[in-house]
Amino acid sequence: MYRLKEIVAACLVACLSIMAVLTAPASAAEEKPKPQTLFINCNVFDGKADKLASNRRVLIESNLIKEIGDDKLKGAKHVEVIDCGGRTLMPGLIDSHVHFNLAYPGGLAVAEGLRWDQLASNAAHAAIEWLMDGFTTARGMGGMSNGLKRTIDKGLLPGPRIYPSGSYISQTSGHGDVLLGSQNNDIGASNLVKLGITQLADGPDAVRAAVRRNFAAGASQIKIMVGGGISSEKGPLFAGQYTAEEIRAAVTEAATRDTYVAVHVYHAAHIRRALEQGVLSIEHGQFIDEPAARLLKEKGAFISPYTAGLTPEGLSHPAYSIPGTPQYIKAQEFAALSKNFVDIIKKVKPKLVFAIDVVFLNGVDARKNRDFEKFAFARFFGNLQALRSMTSIAGELVALTGKNNPYPGKLGVIEKGALADILVVDGNPLKDITVLGANPKYFDAKPRSQGIKTIRVIMKDGKIYKNTLN
Ligand SMILES: [Zn+2]
């Protein structure tokens with residue numbers, strides 16, 4: 001009996017020491033310090049304020065901004081130090097309207113003829129280009145499931161955070177109806193439908209099903225077409241698309257995932273119809289009138305216009321500048337109908353985000369498009385508004401994805417606890433927007449290589465993608 005007790009006690013001691021050995025590596029792993037980066041000598045644009053905060057330090061731990069302070073702020077022993085040298089530290093930029101899968105020259109008919117590998121590899125290139133231009137977040141406004149996003153998030157490819165909408169959803173003969181005449185209304189024959197770039201849905205039940213298919217493909221928000229567009233041929237600009245019931249179906253279905261609906265739309269009446277059904281993001285919207293702008297503001301919704309099209313240079317876009325084509329005629333109509341846009345937005349001041357909407361361009365031409373859009377937007381609305389629209393306001397917009405947000409945390413701000421998406425740039429962008437790559441020339445600009453020289457550091461999610469300072 002006594003012996004048995006001894007044996008049990010010996011066993012217990014042995015078991016406990018084995019357990020101690022087994023748990024040792026785990027506790028050592030817990031003690032492994034989190035990576036830290038300390039930015040010193042920085043003038044900070046926080047995404048909101050109209051002035052830079054001078055001589056600040058910003059401490060990053062893992063993927064978050066841990067602390068902002070003065071010279072007393074120090075990191076842990078292992079901290080990596082980056083000296084801003086008096087340059088501006090600011091949030092990574094957010095492009096609120098991208099179509100990486102449509103970054104292919106030649107319009108919808110060409111896209112309809114492309115294989116998946118052409119579209120996908122081209123989109124991957126676009127993602128690298130956007131990040132190297134300082135865009136750490138891109139809001140996919142249709143034509144993109146979460147495949148590219150997942151590859152980027154896993155660290156396999158450099159690129160921005162992507163908020164995908166899945167395929168854009170359109171009515172038959174709407175802005176997203178890409179079927180060629182030869183396909184004779186046979187949806188199954190469409191390459192872009194098969195590849196999940198676009199979906200055609202007519203009637204509230206079909207719209208609801210299309211929204212659900214997009215959630216299955218990893219959409220963080222939903223995009224539907226509520227009016228005609230310039231790049232498409234079947235929906236005239238004056239005609240509204242989708243009934244209130246169909247819009248409502250998309251909004252209520254999106255709400256089941258705690259997220260929102262964005263709509264492609266231009267005319268004031270169609271903007272109002274969408275807002276009244278609970279839509280929270282107006283994509284484009286350049287034919288807005290004052291009552292629609294007031295409703296937009298009252299609802300707390302956002303407007304996401306490209307502004308290059310409002311400039312005289314806008315009509316030189318290769319996709320819209322060939323006289324006699326439907327795109328050319330629509331671009332002229334667009335220019336005439338959007339004359340009051342800037343004045344109305346400046347007067348009513350709704351939540352305005354920055355959106356380039358590059359389509360059917362890649363490489364050097366897409367760079368020219370991005371550079372000029374930054375310039376045109378800032379020329380219309382001022383540098384401060386442009387900077388806020390590219391950072392903190394867009395950060396609020398992507399957060400509307402609620403529980404469906406693939407990147408929970410604050411974006412577009414330099415604040416304690418925010419996600420560490422950071423740029424360091426030469427000069428002061430509040431005074432000179434060209435330090436972010438803005439260029440007064442459009443397609444007549446000198447071709448440039450990848451990346452913007454005056455953007456010296458690009459950090460996304462705490463990881464450095466570019467640093468020409470150290
Ligand atoms: Zn678009």
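**Helix 3, the zinc site and two strand pairings**

Visitor: How far does helix 3 reach from its first C-alpha to its last?
Guide: This is a predicted model, so local features need pLDDT of at least 70, side-chain atom pairs 80 or more, while totals for chains, interfaces and linings use all residues. Helix 3 spans residues 116-132, 17 in number (helices are DSSP runs of H or I, at least four residues; strands are E, at least two; both numbered from the N terminus). At 1.5 Å a residue, 24 Å is expected (1.5 Å times one less than the number of residues). The helix comes close to that, reaching 24 Å.

Visitor: Which alanines of helix 3 are buried?
Guide: Buried means under 20% relative accessible area with a 1.4 Å probe, protein chains only. The buried set of helix 3 includes Leu-119, Asn-122, Glu-129 and Trp-130. Its alanines are Ala-123, Ala-124, Ala-126 and Ala-127.

Visitor: Which residue just after helix 3 takes a positive phi?
Guide: Numbering runs from 1 along each chain as its sequence is written, and side-chain values use heavy atoms, without hydrogens or water. The phi is about 100 degrees, just past the helix. The residue is Gly-134.

Visitor: Which residues are the protein donors of the zinc ion?
Guide: Donors are N, O and S atoms within 2.8 Å of the metal (3.2 Å for Na, K and Ca), and sites may look incomplete because water is not among the atoms. Here they lie 2.1 to 2.5 Å from the zinc ion, and their sequence spacing is H-x1-H-x257-D. Two donate through NE2 and one through OD: His-97, His-99 and Asp-357.

Visitor: How many residues apart are His-99 and Asp-357?
Guide: Both residues are buried. His-99 sits in the loop between strand 6 (93-98) and helix 2 (107-112). Asp-357 sits in the loop between strand 15 (351-352) and helix 12 (363-381). The pair links distant parts of the chain, and the separation is 258 residues.

Visitor: Which strands stand at the edges of the open sheet?
Guide: Strands pair if DSSP finds at least two bridges between them. The sheet order is 6-7-8, with parallel pairing. Three bridges join strand 7 (135-140) to strand 8, and Ala-138 has Ile-162 as its bridge partner. Each edge strand has a single partner, so one side is left without a neighbour: these are strand 6 and strand 8.

Visitor: Which residue in the hairpin turn has a positive phi?
Guide: Five bridges join strand 2 (53-61) to strand 3 (64-69), running antiparallel. Arg-57 stands opposite Gly-69. Two residues lie between the strands, and the one with a phi of about 55 degrees is Ser-62.

Terms used:
Buried means under 20% relative accessible area, exposed over 50%, partly exposed in between (1.4 Å probe, protein chains only).
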